[in-house]
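Subject: Handover of a structure for your review

Dear colleague,

Please find below the structure that I am handing over to you. Kindly look through it first, and then read my account of what was found in it.

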Amino acid sequence: MMFAIIVGIIFSMITMIATSKGAEKVKTREGYKEYRLPDDPSWLAMAILKENSWESIKSCLTVPEHNVCTDLKERQINSTATELDQNELTPIQSGCCKPPSECGFVYGGMTTWTKNNGGSSKNNDCNLWNNDDKTLCFECQSCKAGFIYGVKDARRKSSVVNIVFCIFIIIFYFISICALGNSAKHG
């Protein structure tokens with residue numbers, strides 16, 4: 001039993017170390033963050049970015065019943081750009097449901113942005129943006145980076161819970177051993 005607990009702790013530590021490095025760069029902006037993939041993505045990012053993997057993930061993100069961008073429309077976050085800036089967006093919503101701020105698009109609603117003729121950006125995500133609910137920025141690098149950030153964050157949280165649980169089990173185990181030893185001495 002102790003061997004299984006030790007393996008669990010080691011696995012949790014490896015997971016925390018493997019996911020602690022950024023699979024994306026975070027650009028903080030008022031109210032939300034924008035996500036970017038680094039030049040050298042981690043193994044987790046590489047697994048997610050494989051074409052077949054991303055197509056499966058994208059199909060889940062765009063299913064009408066579970067579309068992450070439809071949720072924003074339902075919560076009425078899209079009245080003004082200032083209101084958008086003041087609301088917490090999930091990493092996926094920040095990356096997939098709006099174009100990157102560096103594109104300089106004009107805000108028309110949460111998922112409606114107009115390309116500014118005077119704006120120019122080297123970011124390819126600006127060219128990939130489309131106001132169609134099934135397209136939006138689901139092919140953008142910022143969407144993929146936001147998804148990766150969400151996965152990494154969930155893995156980190158589960159690793160912390162796993163480590164705390166394992167430590168609790170180890171402490172309980174040692175207390176039990178001590179109690180058993182004391183009962184054997186006196187009984």
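I begin with a salt bridge between E34 and R36, whose closest N and O atoms are 3.3 Å apart. Please bear in mind throughout that this is a predicted model. E34 counts as buried because its relative accessibility is 2%, under the 20% that sets the limit for that class. R36 also falls under that limit, so it counts as buried, at 18% relative accessibility.

R36 has a further partner: its side chain meets that of E102 in a salt bridge of 3.3 Å, N to O. This pair connects distant parts of the chain, as R36 belongs to strand β2 and E102 to the loop between α6 (91-96) and β3 (106-109), 66 residues apart. E102 has a relative accessibility of 37%, and therefore counts as partly exposed.

Another salt bridge is found in helix α8. The side chains of D153 and K157 meet there at 3.2 Å, N to O. Both residues lie in helix α8, and they are four residues apart, which is about one turn of the helix. D153 is partly exposed, with a relative accessible area of 24%, whereas K157 counts as exposed at 52%. Returning to the earlier group, salt bridges with shared partners join E34, R36, K98 and E102 into one network. In total, the structure holds six salt bridges.

It may now help to consider the chain as a whole. The protein chain has 187 residues, of which 37% count as buried. Its secondary structure comes to eight helices and four strands. Read from the N terminus, these elements follow the order α-β-β-α-α-α-α-α-β-β-α-α.

How confident is the predictor in the protein chain, on average? The mean pLDDT is 78, and 80% of the residues score at least 70. Confidence is lowest in strand β1 (residues 25-29), with a mean of 58, and highest in helix α7 (residues 125-128), at 91. I would ask you to keep the value for strand β1 in mind when you examine residues 25-29.

The aromatic rings come next. There are four aromatic pairs in the count. One of them is formed by Y35 and Y149; this pair is tilted, with 5.0 Å from centre to centre and 35 degrees between the planes. Because Y35 lies in strand β2 (residues 32-36) and Y149 in helix α8 (residues 141-186), the pair ties together parts that are 114 residues apart in sequence. Are these two residues, Y35 and Y149, buried or exposed? Both Y35 and Y149 are buried.

Y173 and F174 form an edge-to-face pair, 5.6 Å centre to centre, with 70 degrees between the planes. Y173 counts as partly exposed, at 35% relative accessibility. F174 is likewise in the partly exposed class, with a relative accessible area of 46%.

There is also an annotation to report. An unreviewed UniProt entry places the feature "transmembrane region" at residues 160-181. In the model, the chain over residues 160-181 is 100% helix and 0% strand, and the C-alpha atoms at its ends are 32 Å apart.

At the surface, I6, I10 and I14 make a nonpolar patch of about 270 Å². I6 is found in helix α1, which covers residues 2-20. I6 counts as partly exposed because its relative accessibility is 42%, which lies between the 20% and 50% limits.

One backbone detail remains. Most residues other than glycine have a negative phi. What is the phi of L136? The angle is near 35 degrees, a positive value in a residue other than glycine. L136 is located in the loop between α7 and α8. With a relative accessible area of 1%, L136 is buried.

When you go through the structure yourself, I suggest beginning with R36, which takes part in salt bridges with E34 and with E102. You might then turn to helix α8, which holds Y149 of the tilted pair as well as D153 and K157.

Yours sincerely,
A colleague

Terms used
Residues are numbered from 1 along each chain as its sequence is written. Side-chain values use heavy atoms; hydrogens and water are left out. Patches are made of residues with over 30% relative accessible area and no salt bridge: like charges are joined within 9 Å, nonpolar side chains (Val, Leu, Ile, Met, Phe, Trp, Tyr) within 5 Å. Accessible areas come from the Shrake-Rupley method with a 1.4 Å probe; for residues, only the protein chains shown count as cover. A salt bridge is a side-chain nitrogen of Lys or Arg within 4 Å of a carboxyl oxygen of Asp or Glu. Helices (H or I, at least four residues) and strands (E, at least two) are DSSP runs, numbered from the N terminus. Buried means under 20% relative accessible area, exposed over 50%, partly exposed in between (1.4 Å probe, protein chains only). Rings of Phe, Tyr and Trp (its six-membered ring) pair if their centres lie within 6.5 Å; planes under 30 degrees apart count as stacked, over 60 as edge-to-face and the rest as tilted. UniProt positions are given in the numbering used here, feature names are shortened, and annotations may be inferred rather than shown by experiment. pLDDT is the predictor's confidence in each residue, from 0 to 100.
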